[in-house]
Amino acid sequence: MTEVPLWSLAVLPAVLGAATIVAIAFDVALSARAGGRAASLTEVVVVPLREAVRLLVGQRRVTTAADRVLWRTGVVTVPVIALLAALVLPLGGVAVADLGVGVVWFNAMEILAWAAVWMAGWGPNSVLSLVGGYRFVAQGLAYELPHMFALISAATAAGTLRVGGIVEAQSGVWFVVWMPVAFVVYLLSAVAMAFRGPFDAPTGRDLAGGAVEELSGVDRLVFQGGRWLLLVVAVAMSVPLFLGGGHGPLLPPWLWTVLKTAAVLAAVLWLRRKFPTVRMDRFAEIAWVVLIPLTILQALAVGVLVLTW
Amino acid sequence: MELTRALLRFAAGRPHVLLLEVPGGTATRLAAEVELRRRGWPAAVSPAEADMVLLAGAGGARLTPMMGLLWRQVPKPRVFAHLDDAATVPQMFDEARRRLATGGETWEVFAGEEQDGDEFREGHHGDEHGGDSDHGDGDHEDTSAGGGDHGSGHEGGGEQSGGDDHGGGHDHGGGHGHDHGGMEMPGGLSMAGRGPDRDGLQLDQLHVPLGPLLPDWPAGLVVYTTLQGDVVQQAEVDVLRAESVHEGFWDEPWRRVGSGQEVARGEGARRRVAGYLDSLAGFLRVAGWPDPAVGAARSRDELLAGARAEQVTPRLRRLVRRLRRARTLRWLTDGLGVLSSARAESAGFETVLRASRGDGDVTARWQTWLTEIERILPQVDDTTALPAENALLRGESSEDPRSLPALAVLPELLEGAELAAARLIVASLAPDVTALGGRAATEVVGD
Amino acid sequence: MVSGFGAALVLLGVALVLVGAGYGVARLVAVASPAGPVGPFLSGHEPAEHAVSRFHVRWYALTLIYLAFEMEMLFMYPWTLVVSSKGASAVIEMFVFLAILLAGVVYAWREGALRWS
């Protein structure tokens, strides 16, 4: 197990924070374009900062007979688990900690989002928020299993649960080549996990914001920021799992990681705009009847390939 | 604090605006949407998100306490504006931004009748607490534990909906729960009661009103729902009417013909296409598809601003083609809110009726909008005069046209629908309550 | 130098400090102390009762099938490590097990447990 210096613990949040700001700025630019407005680079980069400042100076609020402990716990949990999941995320060849059970750790952290969003939805004692929280649990039931089979496909192919090991196993052929289904399903579920569009029903406009409906001030900043962070981390994880991590010609590994992450993130944010919000009462059936069997077949194919090689 | 002031100035560059439309406010809302898009300011979805609340349309005694209640839920810094005049929207946004930058809390009527503002203030004094809470300085904290007793305000509103047992019947919710018993309950609210669901199970019920102060919701519509989980078990429709008679925005050209003016045929076509685009944009926002929603809104605003057909047509055709090919959207709205052709006929409304050939669902209704847009669009530049018989036909539309039946069928369509589906069904019917004119709400609801 | 779960623990500390710092800054610069309690947003209406209630979870049946799969997942993570050493028998056993679970999904699907609206 490679050991890294303590300072990397400070670098990780900074790098992820910067990546999150860039991702939000890109999304703002896409929005501006859809509205027929050319937005300058400074304008879009300023938006996430402005938004953060707006929420920092904004007043917090408490609703009538709210369950404050659950509510605030849920809110704070979102960014914390996003950061903790990033523990095993390698930048180039280096992760903060390349745990022997890295994939399981990542999975365990991100699944805490279920609890976080449900608590944030339940806490304020508000119907629309409550419905939003429950929507996320239903969403979890649909995306989580395909997600885990996708993770397991990558782990099986490498014969290890260590993320660094999975990257090493891709020094020749990237996993995306022989497990395209797992890759696509992984990205789909990464977006669903961060409940971003088109899987944003838990915070949908039809619920006046759902789980975030009653949040204001710094609470809203922490929750919404954490949600973006979760998306960035989950999408970035697809690079070591399926896209060969830092492997690539000429450029240094860290740069390859950054480039690949940026490309996948941009693709995800761009594709989101092609679809309306997907409701789980329709999607759950697809997830169970199509995605789960597909990912199981994918895992089977990988298992057979591992044996024959 | 100096730092706070600097941060406020920075943050005020992009305020979130909660845009609420009530009857008579269509023109103002459209102007505000144009302005928001031009500035790149986001439209808030809930009071907690908003920095600025913009109420478009006429106030009224029934609306006053509701608005007061909502205002108390908006976190500071905040600005409220009640607008009755579309022309003042840009300068009002500038003013609001300036006030937000100084952290000022403003509850103000920027334009329109001054007495409206007084009504709002009265509504506040009617409350047991927080009477002064919205006037800016001083003690603004709503310190009372029961954020919820505004009974007097409600009763004040009740007389406006006089003779309408729906409005009255629903006030039992907040006020009474506080007055009789339940004092030991936190927040002065009782726990949810139980009732049988469609399978006969005893389940908790919540009473959740939707509208009137809800973004992306038809102006003036109120649906009182009884929810079990997120399923609507029961729905009652009510309408918030303006005190003064407000004329509909979408049938204005025909009204002008009715009053003897000469109006070009193209102007009527323009208004109708814009109306369908407005319904489409609202529907797409509820469906969680912002990009085409913005596209529809842009074309709508260009048409209303007088753009010629050839300027609008290419983008509009692209939008229509994109939506026709939108398999995901179809899959999500198929089978929702099915209205049989027989029921549509007895209810008797034109656009929806056309969609209901062969039992129209939500999909059929938004697709009919697309067809209508394509059909009417070429007539937009027609300069021949609108014939008078058209005016007659549409003239009575201030009393009726499609909106009444839409309200009549709403309860039966909503019952058993999930909350998300319910929002889509309402958006797909897009009832124009403004067109009701002076009719009493009870007449509308009557089965 | 830290390693493994020690780093995880430190990172948890870092995360909490960062979030705490956010709350601290907000406390300093916010224009007003927290508002409330305010009523929940109900389109301008008063709440009739507490929103927290026994929620009608219509996807209840789905949670049960999910649970069966979730237990299976516990075995599948360690399984990935031994596939190559155990050989074909590991693959066959695991996927026969999964096929049995899938049969359950098919049954639930036919019973309509995957649709709830």
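**Note on the predicted three-chain model**

1. In this predicted model, the centres of domain 1 of chain C and domain 2 of chain C, taken over C-alpha atoms, are separated by 38 Å. The domain assignment of chain C places domain 1 at residues 1–32 and domain 2 at residues 57–117.

2. Chain C touches chain A through 59 of its residues, which are in contact with 65 residues of chain A. On the side of chain C that touches chain A, at least two residues each are supplied by α1 (4–29), β1, α2 and α3 (88–110) of chain C, and the largest share, 16 residues, comes from α1(C). By residue type, that side of chain C divides into 47 nonpolar, eleven polar and one charged.

3. Chain C also has a contact with chain B, which takes 26 residues from chain C and 50 residues from chain B. Here the largest share of the side of chain C that touches chain B, four residues, is provided by β1(C). The residues on that side of chain C are 13 nonpolar, nine polar and four charged.

4. Strand β1(C) deserves a second look, as it also pairs with a strand of another chain: strand β1 (residues 61–63) of chain A and β1(C) run in the parallel sense and are paired over two bridges. Within this pairing, a reader can look for Arg61(A), which stands opposite Ala35(C) in β1(C).

5. Further along chain C, in the loop between β1 (35–38) and α2 (60–86), lies Ser43(C). Its phi is near 55°, which is a positive value in a residue other than glycine. Is Ser43(C) buried or exposed? Ser43(C) has 23 other C-beta atoms within 10 Å, and since 20 or more are needed for a residue to be called buried, Ser43(C) is buried.

6. Chain A offers a residue with a related backbone feature, Asn125(A), whose phi is near 60°, again a positive value in a residue other than glycine. Asn125(A) is found in the loop of chain A between α4 (102–122) and α5 (127–158). With 26 C-beta neighbours inside 10 Å, Asn125(A) counts as buried.

7. For chain A, the UniProt record, an unreviewed entry, carries the annotation "transmembrane region" over several stretches, among them residues 228–248 and 283–307. How do these two stretches appear in the model? Over residues 228–248 of chain A the chain is 71% helix and 0% strand, with the end C-alpha atoms 28 Å apart. Over residues 283–307 of chain A the chain is 100% helix and 0% strand, and there the end C-alpha atoms are 34 Å apart.

8. In chain B, helix α3 (residues 63–72) is largely enclosed by the rest of the structure, because ten of its ten residues are buried. The buried residues of α3(B) include Leu63(B), Met66(B), Gly68(B), Trp71(B) and Arg72(B).

9. The loop between α3 and β3 (79–83) of chain B holds Pro77(B), and the peptide bond that joins Lys76(B) and Pro77(B) is cis, with omega about -5°. A second cis peptide bond leads from Gly211(B) to Pro212(B), where omega is near 5°. Pro212(B) is located in the loop between β6 (202–210) and β7 (221–228) of chain B.

10. Strand β6(B) has a partner in β7(B), to which five bridges join it, the two strands running antiparallel. In this pair, Leu206(B) stands opposite Leu227(B) in β7(B). Strand β5 (residues 193–196) of chain B is also joined to β6(B), by four bridges, and these strands run antiparallel, with Gly195(B) standing opposite Leu203(B) in β6(B).

11. The hairpin of β5(B) and β6(B) has five residues between the strands, and in this hairpin Gly200(B) takes a positive phi near 85°. Why is β6(B) described as largely enclosed by the rest of the structure? The description applies because eight of the nine residues of β6(B) are buried.

Key: Residues numbered from 1 in each chain as written. Chains lettered and ligands numbered in written order. Predicted model: local features only at pLDDT ≥ 70, side-chain atom pairs only at ≥ 80, totals over all residues. Buried ≥ 20, exposed ≤ 12 C-beta atoms within 10 Å, placed from the backbone. Contact = placed C-beta atoms within 7 Å. Nonpolar A, V, L, I, M, F, W, Y, C, P; charged D, E, K, R; others polar. Domains from an automatic or database assignment. Pairing = 2+ DSSP bridges. UniProt positions renumbered as here; feature names shortened; annotations may be inferred.
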